[in-house]
Amino acid sequence: MNDIRLEKKIKRMLSLPIWFGLVILIMGFVGHVIEPKFDVAYASIVAVYVIAAVAFYLGSAYFLRRQMVEFGIGYGVLQKEILSSLDTPYALLDQDAKILWVNKAFAKLTEKDKSYHKGICTIFPDINKDWLSKIEGSNSKKSVRYDDKHFKVDVQKLTFGDLLSESGVTEKEITEVFYSVSFYEDTELVRAKKKVKDQRLVAGLVYIDNYEDALNSIEDVQRSMLTAIIDRKVNEYFSQADALVRKLEKDRYFVIFRQKYLESFREDHYSILEDIKTAKVGNEMDVTLSIGLGIDGETYAKTYEYAKAAIDLALGRGGSQVVEKHGEEINFYGGLSHGTEKNTRVRARVKAQALRELILSHDGLVIMGHRIQDPDALGSAIGISAAAKALGKTAHICLNEVTFTLKPLKEMFTVEKGYPEDLFVNNAKIKDYVTSRTLIMVVDTNRPTQVECPDLLSMGRNVAVFDHHRQSADVIENPVLSYVEPFSSSTCEMVSEVIQYFPEEIKLTPEEADCMYAGMIVDTDNFLTKTGVRTFEAAAFLRRSGADSGRVRKVLRDDMDAYKARAEVVRHAEVYKNCFAISVCTSTDVQSPTVIGAQAANELLKISGIKASFVLTRYQESIYVSARSIDEINVQIIMEKMGGGGHLSVAGAQLKNTSLEETKKMIENVLSSMIEEGEITV
């Protein structure tokens, strides 16, 4: 009410001189028209008016100033009172996230009064200086939890001028930047959303990885009993989630349950994976399961598609694990044990026929492996090119950097020995050989970010993938042919096996056989790791094709500098948790430091008590991690947590924007975390 009266007074004081001025102006105009002599008297009137107006404004200036100050003070007090009595919790923070002022609602919520000037992170850990400093623009929102309540936090970045009317603090207390924080409770909304989410359906596919092999290992009369035990275990496990379980085929199940049970499955680490191995009726072979779960699809059909993609990924990673697919997000559980090698060659025969038809239906091939290729990548590429040559097609191998290990292998394929000059082509020229009728063949990797020339994946109409590494979430999309066999020792083994099933009798030259044999030797560490029956059969085929172990041994020899560098890595290795060897390759005077790191990781496994080894190498502004194990530790899972991948006993990662010391600390933290969570037993 007082504000309204003040407004009227100010209007009246400002408008009166204006109205008097208009009246005098009209009088002067009329007087001039009627009697020109009136101008002298009019001038006197104007002078008197100006003096009176100036005196009036000077006399009222003090009154106006006093009234405006009183109005401003009253407005500030009113605004502060409104904020103080506001039902919404409100706080004012300085640039260090310390509390300057809080209203009554905030004090009631947190039981902290206006004298509490510590950091707000002591009350709400998610609201801290680091997060506030990253706010872009004038405001930001965040969800936090306090006790059993959920809040939506609205943070506004303010300056000194914004605060004078709302804080009541003195100028000495004010720093350059402030943050006003408002808390809006949305506990009921969060609970309602969670309830709706919990009721959504999860679609699952459960496959028995080695059903036929397990049944074939026991007598006929025991097979029905083993099947019944497996059925009971699967049904009992999912019955705790009130799930619907239906058997699709003899070794496949379809499962539906509500999403609220997911957390309980995760907490027990999907114990069905280990429990199913206890299904015994005389079978020596453990039964293993793979489970693919589709979560939160827009429709039931989409959820089922997620489940199918998840089970394919689980099988591609070797089985005995659970894969959850939630949109683009993929989570892995299990997969810690070594899978069982498949003795059947049906799949290899099918892939051989498919590869043959693909090669015949294209004008030529472009073959590429991963960046910084190793003998396995080069050997498998040579094997595919030999198959293409036998079918009358030209093949080019994309190869950029030739390491010390790769150089003698590459030099075996010269023009003098009958090989085309453009068999090996670098990135700058390889694109000239690609048309819509060219088959892009990827070997020894299934990740698009690791191939020698990523642009080729989008240039060719058809892409085929041959690899022995376990698949991760980042895979080459929509290949026309994908043969990923984690049980194989190397891609060279896979290619050796496949080309034997071509109707055409493919005659490998001694150079081609040596190169593929070298790939197998390197990836198996001289047939000491990841070897099975099919590994030695593939090696026997290569020996029959002309491979000579003596020549290969000479080709793979190290120079003195490389040998010394590897010895230095082993000598400076540190043992973590009494069973993990961690070392750093610092040599800069060798041609292939990443190869030295991988070889040193293998050497460290020869030390008694070492379950896994990790060697770090800085190369081309990146940190390369080579991880190796024998049988107790799955290093692929460890490397996946660092953004890498690989095989159960041979894996690696490439890290950018980090140092050797930071990477070493990261490995130690991952190992400690996995030990605490029971994923690793030491």
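Leaving aside its neighbours within four places in sequence, which residues is Leu-355 in contact with? In this predicted model, the partners of Leu-355 are Ile-384, Met-441, Phe-466, Leu-481, Val-498 and Phe-502. That is a handy place to start, since the tour below takes in two open sheets, two nonpolar cores and a helix pair.

**The nonpolar cores**

- The largest nonpolar core has 55 residues, and Leu-355, Ile-367 and Phe-466 are the ones that touch the most other members.
- Another core lies apart from it and holds 34 residues, including Ala-214, Ile-272, Val-287 and Ile-295.

**The parallel sheet**

- If you trace the open sheet of parallel strands, you will meet its six strands in the order 14-13-12-15-16-17.
- Its edges are strand 14 (424-425) and strand 17 (481-484), each of which pairs on one side only.
- Strand 12 (residues 364-368) and strand 13 (residues 394-398) run parallel and are joined by five bridges.
- One residue to look for here is Met-368, whose bridge partner in strand 13 is Cys-398.
- Helix 17 (residues 491-499) packs on this sheet, where it touches strand 15, strand 16 and strand 17. The direction of helix 17 makes about 110 degrees with that of strand 16.
- Helix 12 (residues 346-360) lies across strand 12, strand 15 (438-443), strand 16 (462-467) and strand 17. Relative to strand 17, helix 12 runs at about 145 degrees.

**Helix 17 and its neighbour**

- How many of the nine residues of helix 17 are buried? Nine of the nine are, so this helix is mostly covered.
- The buried residues take in charged side chains too, with Glu-493 and Glu-497 among them, alongside others such as Thr-491, Met-494 and Ile-499.
- Helix 17 packs against helix 18 (residues 510-524) with the axes 8 Å apart and at an angle of about 135 degrees. The two helices are therefore oblique to each other.
- On the helix 17 side, the contact is made by Cys-492, Glu-493, Val-495 and Ser-496, which meet Met-516, Gly-519 and Met-520 in helix 18.
- Sorted by class, this contact has four nonpolar, two polar and one charged residues.

**The mixed sheet**

- The other open sheet described here also has six strands, in the order 18-19-20-21-23-22, and its pairing is mixed.
- Strand 18 (574-576) and strand 22 (645-646) are its edge strands, each pairing on one side only.
- Strand 20 (residues 612-619) and strand 21 (residues 622-629) run antiparallel, with eight bridges joining them.
- Within this pair, Ser-613 stands opposite Arg-628 in strand 21.
- Helix 22 (residues 593-604) packs on the sheet and touches strand 19 (580-585), strand 20 and strand 21. Its direction makes about 165 degrees with that of strand 20.

**Two loop residues with positive phi**

- His-269 has a phi near 55 degrees, a positive value in a residue other than glycine. You will find His-269 in the loop between helix 9 (262-267) and helix 10 (272-275).
- Is His-269 buried or partly exposed? With a relative accessible area of 43%, His-269 is partly exposed.
- Asn-657 is not a glycine either, yet its phi is positive, at about 55 degrees. Asn-657 lies in the loop between strand 23 (650-656) and helix 24 (660-676).
- Asn-657 counts as exposed because its relative accessible area is 81%, and the cut-off for exposed is over 50%.

Notes
Residues numbered from 1 in each chain as written. Predicted model: local features only at pLDDT ≥ 70, side-chain atom pairs only at ≥ 80, totals over all residues. Heavy atoms only, no water. Pairing = 2+ DSSP bridges. Helix = DSSP H or I, 4+ residues; strand = E, 2+ residues; numbered from the N terminus. Contact = heavy atoms within 4.5 Å. Axes fitted to C-alpha atoms, helices over the stretch in contact; angles between N-to-C directions. Core = buried A, V, L, I, M, F, W, Y, C linked by side-chain atoms within 4.5 Å. Buried < 20%, exposed > 50% of the residue type's maximum accessible area, 1.4 Å probe, protein only. Parallel < 35°, antiparallel > 145°, perpendicular 65-115°, else oblique.
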